[in-house]
Each structure stands twice: as structure tokens, then as C-alpha cells.
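Subject: Structure handover

Hello,

Here is the structure I promised to pass on. Please open it first, then read my notes below with the view beside you.

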Amino acid sequence: MEQILSTIDFETKGQGFTDITKDINHWIKYKKLKKGILLIFLKHTSCSLIINENADINVLKDLSAYMNAIVPEEGVYPLNKNPKKIEYLHSEEGLDDMPAHIRTMLTSNNLSFSVVDGKLEIGLWQAIYIWEHRASNKSRSLQLHAIGDFDLN
């Protein structure tokens with residue numbers, strides 16, 4: 001059993017989803033991981049790492065609409081029905097800055113997967129996405145940590 005650590009960089013195109021499934025499978029093949037566990041960590045606090053539907057684009061649209069509804073950019077209203085809006089204090093990088101941090105906190109920045117026969121063991125209708133919560137394009141880095149059996153020949 002061996003371990004490998006790597007970093008892969010991605011460019012996002014503003015708010016939305018970047019499917020990275022093929023990139024991860026390509027990395028597994030390149031590193032010759034045959035069987036094991038792959039831990040993926042997204043090194044940022046304003047975007048998320050999720051696994052979700054890959055067949056119907058409306059799923060991703062609905063996820064975005066839901067997240068925008070529960071974490072609006074312009075502040076939040078208390079759940080106790082007080083009509084006074086609470087403005088975000090953190091806004092150094094723009095109006096989308098604090099909402100992006102909250103959206104990341106509500107989702108995840110890491111995932112783990114089994115690797116079997118040299119590929120991710122995920123469902124037929126599943127994909128791995130970087131979910132960008134910021135409005136502008138961003139460079140994002142993933143840390144990959146594989147533990148398992150490698151073809152070292």
C-alpha cells in the first residue's frame with residue numbers, strides 16, 4: 001500500500017458548476033491507482049466540492065436557485081420574523097464575498113471516494129463538481145490524497 005499527494009488547479013467561470021469527474025479519473029489513471037481511497041480537499045472558503053446529478057442540468061439550476069434563496073447576497077432576515085434585514089459585515093471583496101463563505105459552510109470542501117479497477121466508484125448519474133459561489137472567474141486548487149495499491153511497473 002502506497003500514498004500519493006498531488007494538487008490540481010482549475011479555473012472556474014464565476015458562479016456555477018465545474019464538472020471535474022473526468023479530470024479526477026484522468027489523475028487516477030495517470031498515477032496508476034488501481035484500488036484504494038481518494039480524499040479530495042478544495043483549498044478555498046468561497047466555493048464548494050459536491051457530488052450530484054450529471055444527467056439533468058435542471059438539478060444544478062434548482063440547487064443554485066435554492067442556495068440563492070436561503071443565502072441572499074444583500075443580507076439576511078432573522079428567522080424570528082423580525083422584518084429588519086441583517087447586513088453582512090464582511091464585504092472586502094464585494095457583495096458576493098460573505099454569501100460565498102456561508103454557502104461553502106452549508107455544503108462541503110472535501111469528499112472521499114473508493115477507487116476500484118483504476119476509476120472512481122461513483123453512481124452512473126453522479127459527477128463531482130466545484131461549485132463556485134463567487135461572481136468572477138477564480139483559480140481553484142484541489143489537494144488529492146490517494147492511499148492504496150498502485151501499478152508501479
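Start with Ile28. Its relative accessibility is 0%, so Ile28 counts as buried. This is a predicted model. Ile28 sits in helix H1, which covers residues 21-31. Setting aside residues up to four places away in sequence, Ile28 touches Leu33, Leu38, Val115, Gly118, Lys119 and Leu120. One distance for orientation: the C-alpha atoms of Ile28 and Leu60 are 26 Å apart, with these positions 32 residues apart along the chain.

The sheet

Next, the strands. Five of them form an open sheet, and the order is S1-S8-S3-S5-S6. The pairing is antiparallel. Strand S1 (2-12) and strand S6 (119-120) are the edges, and each pairs on one side only. In general, strands of a sheet pair through backbone hydrogen bonds.

Walk across the sheet from S1. S1 and strand S8 (residues 138-150) are joined by 11 bridges and run antiparallel. To find this pairing, look at Ile4, whose bridge partner in S8 is Ala146.

Move on to strand S3 (residues 33-42). S3 pairs with S5 in the antiparallel sense, over 6 bridges. Here Ile37 has Ser114 in S5 as its bridge partner.

Strand S5 spans residues 110-116 and has two faces. Leu111, Phe113 and Val115 make up the covered face. Asn110, Ser112, Ser114 and Val116 make up the uncovered one. Val115 is also one of the residues that Ile28 touches.

S5 then meets S6. They run antiparallel and share 2 bridges. Val115 has Leu120 in S6 as its bridge partner. S5 and S6 form a hairpin with 2 residues between the strands. In this hairpin, Asp117 takes a positive phi near 55°.

The cores

Which residues have the most contacts inside the largest nonpolar core? They are Ile24, Leu38, Ile40, Leu49 and Ile128, in a core of 23 residues. At least two residues of this core come from each of S1, H1, S3, strand S4 (47-53), S5, S7 and S8. Another core lies apart from it. That one has 9 residues, including Val71, Ile102, Ala127 and Trp131. As a rule, nonpolar side chains in soluble globular proteins tend to be buried together.

Ile40 is a good place to look into the 23-residue core. Leaving out residues up to four places away in sequence, Ile40 touches Ile24, Leu49, Asn109, Asn110, Leu111, Phe113, Ile128, Leu142, Gln143 and Leu144.

The charged residues

Now turn to Arg134. You will find Arg134 in the loop between strand S7 (126-132) and S8. Is Arg134 buried or exposed? Its relative accessibility is 4%, and the limit for buried is under 20%, so Arg134 counts as buried. Beyond its neighbours within four places in sequence, Arg134 is in contact with Gly14, Gln15, Ser46, Glu93, Asp96, Asp97, Ala100 and Arg140.

The whole structure holds 5 salt bridges. One of them joins Arg134 to Glu93, with the closest N and O atoms 3.1 Å apart. Glu93 lies in the loop between helix H2 (57-70) and helix H3 (97-106), and Arg134 in the loop between S7 and S8, so the pair ties together parts that are 41 residues apart in sequence. Glu93 is exposed, with a relative accessible area of 52%. There is a further link to Glu93: its backbone oxygen lies 2.9 Å from a polar atom of the Arg134 side chain.

Asp96 and Arg134 also meet through their side chains in a salt bridge, at 3.0 Å from N to O. This pair links distant parts of the chain, 38 residues apart. Asp96 is in the loop between H2 and H3. At 9% relative accessibility, Asp96 counts as buried. Glu93, Asp96, Asp97 and Arg134 are linked in a network of salt bridges.

One more pair deserves a look. Glu132 and Arg140 form a salt bridge through their side chains, at 2.7 Å from N to O. Glu132 counts as buried at 1% relative accessibility. Arg140 is buried too, with a relative accessible area of 5%. Arg140 is also among the contacts of Arg134.

Best wishes

Methods:
Residues numbered from 1 in each chain as written. Predicted model: local features only at pLDDT ≥ 70, side-chain atom pairs only at ≥ 80, totals over all residues. Heavy atoms only, no water. Helix = DSSP H or I, 4+ residues; strand = E, 2+ residues; numbered from the N terminus. Buried < 20%, exposed > 50% of the residue type's maximum accessible area, 1.4 Å probe, protein only. Contact = heavy atoms within 4.5 Å. Pairing = 2+ DSSP bridges. Polar contact = N/O pair within 3.5 Å; in protein donor to acceptor, adjacent residues only side chain to side chain. Core = buried A, V, L, I, M, F, W, Y, C linked by side-chain atoms within 4.5 Å. Salt bridge = Lys/Arg side-chain N within 4 Å of Asp/Glu carboxyl O.
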